[in-house]
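Q: Could you pick one part of this structure and walk me through it up close? After that, I'd like to see how a few other parts are held together, all in one connected answer.

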Amino acid sequence: MSAPGVHSLWTESAPGGTADAAAHGAASGAAHEAAHAVARMTLAAARPVERIPTPKIEYAQLAPVLIVLGAAVIAVLLEAFVPRRFRHYAQLFLTVVALAAAFAAVVGLAAGGHATTRAGIAAMGAVAVDGPALFLQGTILLASLVAVFTFAERRLDPADHGHRVDSFAAEAAAVPGSEQEKAAVRAGFTTTEVFPLALFAVAGMLVFPAANDLLTLFIALEVFSLPLYLLCAVARRKRLMSQEAAVKYFLLGAFSSAFLLFGIALLYGYAGSVSYGRIADVVDGSAAPVDPALASTMGNDALLLIGFALVLMGLLFKVGAVPFHMWTPDVYQGAPTPVTGFMAAATKVAAFGALLRLLYVVLPGLRWDWRPVMWGVAIVTMLAGAVVAITQTDIKRLLAYSSIAHAGFILAGVVAATPSGVSSVLFYLAAYSFVTIGAFAVVTLVRDAGGEATHLAKWAGLGRRSPLVAAVFGVFLLAFAGIPLTSGFTGKFAVFKAAAEGGAGVLVVVGVISSAIAAFFYIRVIVLMFFSEPQADGPTVAVPSPLTMTTIGVGVAVTLVLGLAPQYFLDLAGQAGVFVR
């Protein structure tokens, strides 16, 4: 019995032995398992129970985002329950109230010291509430509030079948030119869904520059990108071009999101965390040990550099920097012009805010690695935007390449890597956003039988047909060019001064040359408007409602105030220029 060989031989030769032995073994195994289970239960009872911690959410500090998100959800319900003839006014009222309330919440947080002495991290480390975040959120909310007025404009086109029309398709789901679309136009339908879409986009933009970990950054990116893809596709006129712009934006945006997500995965492998503070500690070498499962990859410089490069690509795409700019002219041209103005201003503010936080909070220890890369991107972006804009014959494409050049100018302030660099970028973004929205609002006024007349040849002699509109557009062009006494000059002076103090003197020289090149095509448009003979069959200037007048008036006022008396706002940007970690 004691010899295994004998036992094996006996079990094979006995017919019933195999079953009896198997049953005996199963019973023994069950007994052992029961004993082990009892032992485990005893040990578990002896140990204290580990409870899942209750999430701690600082709702007051997240109030601006929560107000906009709540209004967006209510706006969706309005689409379902409010009669069609009342939706436009209800949506406009809700959107304006929500954006104004959110801005009041930002001001309240700043006044309560959350921009300076009480700055901190909220939502369990996911969102930063500090000076740059609040300044950028306030800029986004004000710019969006002004832009929404152009969404609601309904007096530029003549009434269609007795119904006033706006810039958006009567029924976005209808095939362009189909009977379904014609029936929707006859019935006076309007795509009032643009208001909740805009609110969702604003909510994502508010979180984007305040995100304090990489997953929150990615979620915010998708929350504001997806509504923008839809908004680009709903133009009332030139619908096929509008849908083409939306498809291009979506496909290229999906590529950029994939790069960003892959970079996030690599940075997690490098640091063992997606938190900005933790990644910065690992880069500095001051991080505590992590889980053994991550010890083999933690601190691997290849993961850090490749992951950082991929995340940077995703952010530079949203900024519109070369070589990730190819979507910009087509999307700006094809999207409804109110959406173009909103997107050109607010998206750039949010994307640059996220870029600043990534470089200044997560990767200050890699400054010698990322500064040369950003030097190259800034130089190529400034020159390419300025040079290619000279060849454009469409006013919206010209403004698109102008925005690319301005992205290069702002990157000069980012490269400075100093507190003055941060404050100069914040000021530039605030100044640029209102000039951009005002300029695109003026573009909506110049119209012919086919809608907006965006070809430059049609703008010839506009100063004689409508001197006031041409003069206002001239002010915006001079601000883009950086002429003194406008906000554009103050902003460029601030970023170039910060870049020079940060040791980027060559970048300043290239920036000045690019500004001179850009000034050529801005002045060319002014000359075309005031010193050319108007065409006999040229476009007319529509008389807008007070909504668009307010948008243009605010744009002109901000442009002149920030150019003539900028010191208070420069000081405000300086006070808000310190990131919390």
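A: Let's zoom in on T381 in this predicted model. Leaving out residues up to four places away in sequence, T381 touches A321, V322, I404, A405, A407, G408 and L411. T381 itself sits in helix α14, which runs over residues 367–389. Its relative accessibility comes out at 0%, so T381 counts as buried, the cut-off for that being under 20%. What does the side chain of T381 reach at 2.5 Å? The partner is the backbone oxygen of V377. As general background, an α-helix has 3.6 residues a turn, so residues three or four places apart point the same way.

Staying with helices, take α7, residues 194–207. Its 14 residues should span 20 Å at 1.5 Å a residue, and the C-alpha atoms at its two ends are indeed 20 Å apart, so the expected and modelled spans agree. Most of α7 is covered, with twelve of the 14 residues buried. Among those buried are F195, P196, L199, M205 and L206. The cover over them includes α3 (63–81), α4 (84–111), α5, α8 and α13 (337–362).

One of those covering helices, α5, is worth a look too. For α5, 21 residues at 1.5 Å each should give 30 Å, and that agrees with the 30 Å between its end C-alpha atoms. Since 20 of its 21 residues are buried, α5 is largely enclosed by the rest of the structure. At the start of α5, D130 puts a side-chain oxygen within 3.1 Å of the backbone nitrogen of A133.

Now for the charged pairs. In general, side chains of opposite charge can pair when their charged atoms come close. The structure has 13 salt bridges. In one of them, D157 meets R237, N to O at 3.2 Å. That pair links distant parts of the chain, 80 residues apart: D157 is in the loop between α5 (131–151) and α6 (179–187), while R237 is in the loop between α8 (214–231) and α9 (239–271). R237 has 32% relative accessibility, so it counts as partly exposed, whereas D157, at 11%, counts as buried.

D157 also forms a salt bridge with R447, where the closest N and O atoms are 3.1 Å apart. R447 belongs to strand β3 (residues 446–448) and D157 to the loop between α5 and α6, so this pair ties together parts that are 290 residues apart in sequence. R447 is buried as well, at a relative accessible area of 8%.

The loop between α5 and α6 also holds D166, and the loop between α8 and α9 holds R236, so their pairing ties together parts that are 70 residues apart in sequence. The salt bridge between D166 and R236 is at 4.0 Å, N to O. Both ends are buried: D166 has a relative accessible area of 5%, and R236 has 15% relative accessibility. Elsewhere, E244, K248, D330 and R397 are joined into one network by salt bridges that share partners.

Methods. Residues numbered from 1 in each chain as written. Heavy atoms only, no water. Salt bridge = Lys/Arg side-chain N within 4 Å of Asp/Glu carboxyl O. Helix = DSSP H or I, 4+ residues; strand = E, 2+ residues; numbered from the N terminus. Buried < 20%, exposed > 50% of the residue type's maximum accessible area, 1.4 Å probe, protein only. Expected span 1.5 Å × (residues − 1). Contact = heavy atoms within 4.5 Å. Polar contact = N/O pair within 3.5 Å; in protein donor to acceptor, adjacent residues only side chain to side chain.
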